Amino acid sequence: MITVTINGKEIKLEKAVTVLEAARSAGIKIPTLCWHEQLEKYGGCRLCLVEVEKMPRLQTACTLMVADGMIIRTETDTIAEVRRGVLEFLLINHPLDCPYCDKAGECELQDLVEKYGLTKGRFREQKRKVPEALEDPVLVRNMERCIVCTRCVRMCEGVQGASAISVINRGGHSHIEPFSGGRFDCEYCGNCVSVCPVGAIMSRLHRHSYRPWQLGSETKTVCPYCGVGCTVVVQVRDDIIKRVVPKLGTVVNNGLLCSRGRFGYEFVGNKERLTTPLIRKNGLLEPSTWEEAIRLIASRLSEIKDKHGSNAIAGIASPRCTNEDNYVFQKFMRVAVGTNNIDSTARTGFAGAQGFIENIFGQGATGNIISGLANSDAVFVIGGDPTTINPILGLQIRACSRRGGNILTVGHMKGLRYYTPLELRPSVNTEIALLEGIVSALMKKKGPPGSHPVLEARLKDLNAQEADLPRICGIQGKDFSRFIDTLAEAATPSFVIGKDMIQSKGGSYGLFLVSAINYIVNGRIYLLSERANEQGLLDMGCAPDLFPGYRPITYPEFRKRYENAWKTGLPDKPGLTIFEMMEAAKAGALKCIYVMGENPVFNLPHTKDVEAGLKNLSFLVVQDIFLTETAKMADVVLPALSWAEKDGTFTNMERRIQLVKKAVHREGMEDWKILSEISSNMGVRMNYSDAEEIFGEICRVSPLHRDLNYEEIEKGDAIYPYKGEPLRGSTDEIHIEKSAGREERGKLYLRVERPLFHSGTLSRKAPALVNICPEAVARISPATAAALSLKDGDIVRASSKTGALELPVAVDEAIDDSAVMLSNNFQGKGAFSLMEYEIDPVTKAPCLDSNQIILEKVNR
Amino acid sequence: MRAGKFIQTIFFTEIIKGMALTLRTLFTPPVTRRYPKVKRPVKPGFRGLHALAKNEEGKMKCVGCGLCGAYCPSQCIYIYTSEGEDHKKIVDRYEIEVLRCVYCGFCVEACPFGAITLSEHYEYSDYSREPLYMTKDKLLANWDRYFAGEKGLRYFRDFWRPKAENFSAYEGQAMFDKVKARRKEQK
Amino acid sequence: MFRETAIKEIEAIREQYPTARAALLPAIYVAQREFGWLSPEAYESVSSVLGVPRATVRGVATFYAMYKHRPMGRHLVQLCTNVSCMILGAEKLVDFLKNRYGLEAGGMSSDGRFSLVIMECIGACGTAPAMLVNNDFYENLTEKYIEEILEKYR
């Protein structure tokens, strides 16, 4: 126990911390400019100087460690005089353009100058003049204002790990610059903006259109983009979102955000948003009224139900909608329509993979705390770069490496390249063999743990052994044994599994092998999730085989329970998955699909097939915020409210239920409201007054959410399996289909790129993200480029069996020689339009990795 | 006593006293003015209708810093700015709900550029609210109307020396007069 | 990108230091020699060989004034114009260099052969005017003599 006295107040401390931290813990504020609680100590600004008895000079509180018996004073006349002097030096070059500067009002320098009463500068020379750097699409640098506290640089290097900016030059000329000197070309996380104490680096979004004190309302809510579920604060002036900022001290992201979260909010106020319901009349979508649209939908649904049976109708739910919306959606489909044909794009990977892993390890196996990754001593990454798919989770992996943990990757992860990963880069389509090799090597090294006999029984007949790997996968024995040694020695390893793994041929077998590795070394599994509420959607029962609460439909006792709760009979057969829906629609068995907040034409592979299926329907309803590709084909389009305009909850990938709150007012109806109106028109009354009431019902009927309410969620600890009990044990049987992709040397395969700046439909409507990354490019390796004599920016015609696109190429060293990476984010230029798929028999996910592609140069 | 009172009552002495006062007042000049025919000259620094100042080039001085709106105790100043073509800040809307203004003059005091002014004009009334909702154009027109010529210069010379002048002088890294005064007080 | 030999050289340098960052300064010298000056490509090459982020490489390099941050000629002419040299006609020599070779102080000759830097006293006052060409020292300069000297440097 250490006892120190700060300003006459006695403070007891468990362990030695810095004087600054000790003072903060006692509620004593010491001014700082270079110090920030997220960053490394720097000791550069000299503002935190304090008096320590028996020390001859003033000491910097941010670097001085407390010692027992220290007597410290933080505010004396001498200290004030010194701080005033420091500020005077800072103001030598700092322009006093506060009236123009957007930071004024929350500027730390301004506050300090006001506090220490600096009224006169004695410096008589000219101030440094640097023009504002406006080359970048989302960030503006004003280096006149920079006080070189290097917070941004330390943030960029030490926390974000992008190392895109650095201090340039020396002395009075030093300032911050990205490598190019103009555009940042970085990860655009914008975390430099949130740590900058002055207005030197600022966001260009809504620039000059607000002052901090004019932001009328602040709403703490959850980011709408990926499955990490970062807490964000939405700041609004006159119902326009002016900025989205992170909040220090939140559980998931603790003051950090990524590009999508910070700069991707502008879709909310986009002018292209739907405002009125549209009904197809004479082949054209025409504006109409809510009443007419709802009546039409209700009557058409009843008609189809009577004529063709309930199972001729299917519903596609949305991982971007709240739990409440999805709950009402599945209730609507099951009760009002009477079918289990409910699915979502979670079927493209997440749903199946989670079901598969939970089958082996029990429910909740994938719901691990994200910040726990930083405390692992080894992180095994496979199937996609986590730093682009779930950037904040990626930061935890980087933090793990910084703390001395080992990063093990299968395949090359560009975002982790400065984190000394041990990398195994198998040749194309041989991941399965590599994983088999790892399993057998680990089994030899560590032996079977013995606690899961079913799984171990399955490990008896592995095809590939360690000795085969150099031949099959082209992996050096030296690298491999280092990899195995590190993995075997790890005490708390974590496994991060991306979609590419799930969507490869033999994906379920691959998943099984990763699970086996996880089992042998006793690790934790993280399943990357691309959409905000992918997990919640499944929990709400928006799957053909699940009731709310992740309850299998096939168990009669669960069905009974829901029949009692909803006071109606329920269909007992599992419905169609989203891919089966498209098949059935093409075959004519399905007559109607109700789509809520999803864009299947764009977000499902084999676009042509999907389009043909949807065209074949006699009735298509789309409920969305934009007129998407799917909405353009619909018979009725209903405008919904976006994430910022409604209340509800999202469940993130670690299974934390978090509140989404209304930040902006907009005329219109929430998704659940629209559905309950239609339902009431069909004769099944649903009277919900608000989202909280729906959540109340969810908590009553779903055993997963038992005893929860909004107040408890607000406290931030709503993680389930609630109260720690797993709700479904592991099963006795593990289904495996052994199959693996075939390698054909010299061919190019199309791979889905999952870029940092886009997520699909929403990000396309956010101008800032489009400005950062404006067009689709096909990424190829230097070797491919050389073989096809292509260079950066050349236009190519990329053709596969299902179509062809013309787009520019970019040469990227991070890409495998046999791969062509194309993202699925730009209208008419999506990778999915070039892809065919097969369905994995176990996970029901599409296998996308055997799509060959041919690139030809187009001469213009 | 009683007799005195009786005499007062029967001879109406009080009425005579009163009439004497009336007679005297008849020949003294009047205290009141015959408003609206006669108007009282306003004292310098009078706080009347608002106007937005223009500089020598005839351009609006306001840069949209929003300090007036932040300071305003009745919260009746609305400012909307945006990024202009040349990436400078431009003031799109500057609006004052005059009917809610309490004429405290804090906005004038807060303004670092001497952009918002209170003119000597006080005669404005109307049958609806709209004419008294001052927009940017109306406020700029007020400047031309009430601060034409020398008058505007005098206003700033005599009363509201804008704070920005403190910034421009070279011993001028000076910033907050308020703080300066406070420090003087402490010493 | 670097030639093979340069990569080998930097890797050898890397071996002598505890961390990659510590090896930056000598590695940047190699890059400067290879590319003639510290072009963006030079920074990126150092970055990819050492595994240090390119912005960091640039930040470190710009701290030091004696790296070549602009394109420079193959040979560096450092001419003194301090008091003694100035009295003995160094300023005329500066004019001569400008007229004869198109060399301006701080600039580069159009053929890329020379760069000129004006120095403040190179300690040769007794034999002024004096100059350095690369690392070679020349004294008692005249216009003719300079012409002869520079002939040697192609």
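Q: Which residue in strand 16 of chain A stands opposite A:Gly315?
A: This is a predicted model, where local features need pLDDT of at least 70, side-chain atom pairs count only at pLDDT 80 or more, and totals for chains, interfaces and linings use all residues. Residues are numbered from 1 along each chain as written, with chains lettered from A and ligands numbered from 1 in written order. Strands here are DSSP runs (E, at least two residues; helices are H or I, at least four), numbered from the N terminus. The partner of A:Gly315 is A:Ile342.

Q: What is the handedness of the crossover from strand 15 to strand 16 of chain A?
A: The path goes through helix 8 (residues 323–337) of chain A, making a β-α-β crossover. With the strands pointing away from the viewer, a clockwise path from the first strand over the helix to the second counts as right-handed. This crossover is right-handed.

Q: Over how many bridges do strand 15 and strand 24 of chain A pair?
A: Pairing takes at least two DSSP bridges between the strands. A:Ile316 stands opposite A:Val595 in strand 24. The two strands run in the parallel sense, and the bridges number four.

Q: Are A:Ile313, A:Ala314, A:Gly315 and A:Ile316 buried or exposed?
A: A residue is buried with 20 or more other C-beta atoms within 10 Å of its own, exposed with 12 or fewer, and partly exposed in between; C-beta atoms are placed from the backbone. A:Ile313 and A:Gly315 point one way from strand 15 and A:Ala314 and A:Ile316 the other way, yet all are buried.
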